[in-house]
Amino acid sequence: MVLAATDATRDVADRMAEAAGEWLESLDAEQRGVGCGATPGADDPSDAERLRWFYTPTDHGGLTLHQQRPAQQRLAMRLVATGLSTAGYVTAATVMGLENVLDHVEGFSATFGRERGRDPGMYYLRVFGEPGGAAPWGWRFGGHHVSLNNLVVDGRVAATTPCFLGADPATSALLGGATLRPLGAPEDLARELVRSLRPELAERALLLPHAPTDIVGANRSRIGEGDEAKPLVDVWRGRFPDPQQQENLRRRSAQSETDSGVDRDGHRALALTSTPKGVPASELDAGQRELLLQLLGTYLGRVPDQISPLPNYREAAALDEVHLAWAGSTNHGEPHYYRLQGPRLLTEWDNTQRQVNHAHSVWRDPESDFGLDVLAAHRSAHHR
């Protein structure tokens, strides 16, 4: 769903432009060469890099936090905050901080061809085009388990997807017996919802008794009919220079696939289709519909209220078309996957890896990820 260009949506775009401009002004020539990208354009080969996105600890493209002075890092995070709600920013910042926890879990090892494998400084920022100018522009921020993609066209935020957040560990111990679960709500609400379904609906919602090892759409630039889950080894930018590291990743990927129990027919059952699978909200009762709306909020509420499509789903007709599909177990602590799908909406969740303590979640607009339809309309209107 696309929001109209109101004063509120333009305010968000203005804040983005101001923050992006200040960050760019702080960079020297060498940093600009890395931190700047081509002006966005529909079907323009120079725009291909903007459409590449990742959520693995690989090169996301852009200037890392490590390559910036503290003052520049502050400006970078200020730009990131303009594209997120307060809760979204806190969640993203927490996910970034989990790199320190994951480093501890893995024994502070040097992996991925880097001196420090799990590294909270390896988050990349790149601005595409000229912020605040007449031409479209955008920005991308990403690293392990964070991928934010924003486009501004004609002075308004035209796209905020793909929007990915993950958590590894998904659950961590805190002092006093408390636990840290940055993505606890999208897991708990979905499980509560699917377990509340009457048997006939629960049977229709379940696509497969086994969960895939990852979100099915993976990091594709465009989602297509029949897309199936990718092997984990393919969700990276290129290959490792060290053949042994590449082989280790391939083996881990293959073992994860074997452990999932999803066979060839299972992948077909889980494949993405333009016609949603599962159970539509039109068949849910009032309490279940409210749970679904809360669940949608854990995805669509990542961005500022002014540019979130969440209010649209408070209309009964819009919510009716959202379908819930599940795979795997509904028991806490067991591998599971789900997705919500409707017109211009796809969210996916997966928690299977690291003994079900490694969560992935993504919000996408299959028709306008990266604002491609808006860019096409802009080009038609301004470049005849």
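A salt bridge here is a side-chain nitrogen of Lys or Arg within 4 Å of a carboxyl oxygen of Asp or Glu. Keep that in mind for the views below, which come from a predicted model.

**View 1. Four residues joined up by salt bridges.** Here Glu-49 shares a network of salt bridges with Arg-126, Arg-140 and Arg-237. For the wider picture, searching the whole structure turns up 25 salt bridges.

**View 2. Arg-191 and Glu-187, a buried pair.** These two side chains meet in a salt bridge, at 3.1 Å from N to O. Both residues sit in helix 5 (residues 184–195), and because they are four residues apart, about one helical turn separates Arg-191 from Glu-187.

**View 3. Arg-204 and Glu-283, a link between distant parts of the chain.** In this salt bridge the closest N and O atoms of Arg-204 and Glu-283 are 2.8 Å apart. Arg-204 belongs to helix 6 (residues 199–205), while Glu-283 lies in the loop between strand 11 (279–280) and helix 9 (286–300), so you're looking at partners 79 residues apart. Arg-204 is partly exposed, with a relative accessible area of 34%, and Glu-283 also counts as partly exposed, at 28%.

**View 4. Asp-265 and Arg-268, a salt bridge within helix 8.** The N to O distance in this one is 2.8 Å. Asp-265 and Arg-268 are three residues apart in helix 8 (residues 264–270), which means about one helical turn lies between them. How open are the two partners? Asp-265 is exposed, at 54% relative accessible area, whereas Arg-268, at 47%, counts as partly exposed. The cut-off explains the split: exposed means over 50%.

Key: Residues are numbered from 1 along each chain as its sequence is written. This is a predicted model: local features need pLDDT of at least 70, side-chain atom pairs count only at pLDDT 80 or more; totals for chains, interfaces and linings use all residues. Side-chain values use heavy atoms; hydrogens and water are left out. Helices (H or I, at least four residues) and strands (E, at least two) are DSSP runs, numbered from the N terminus. Buried means under 20% relative accessible area, exposed over 50%, partly exposed in between (1.4 Å probe, protein chains only).
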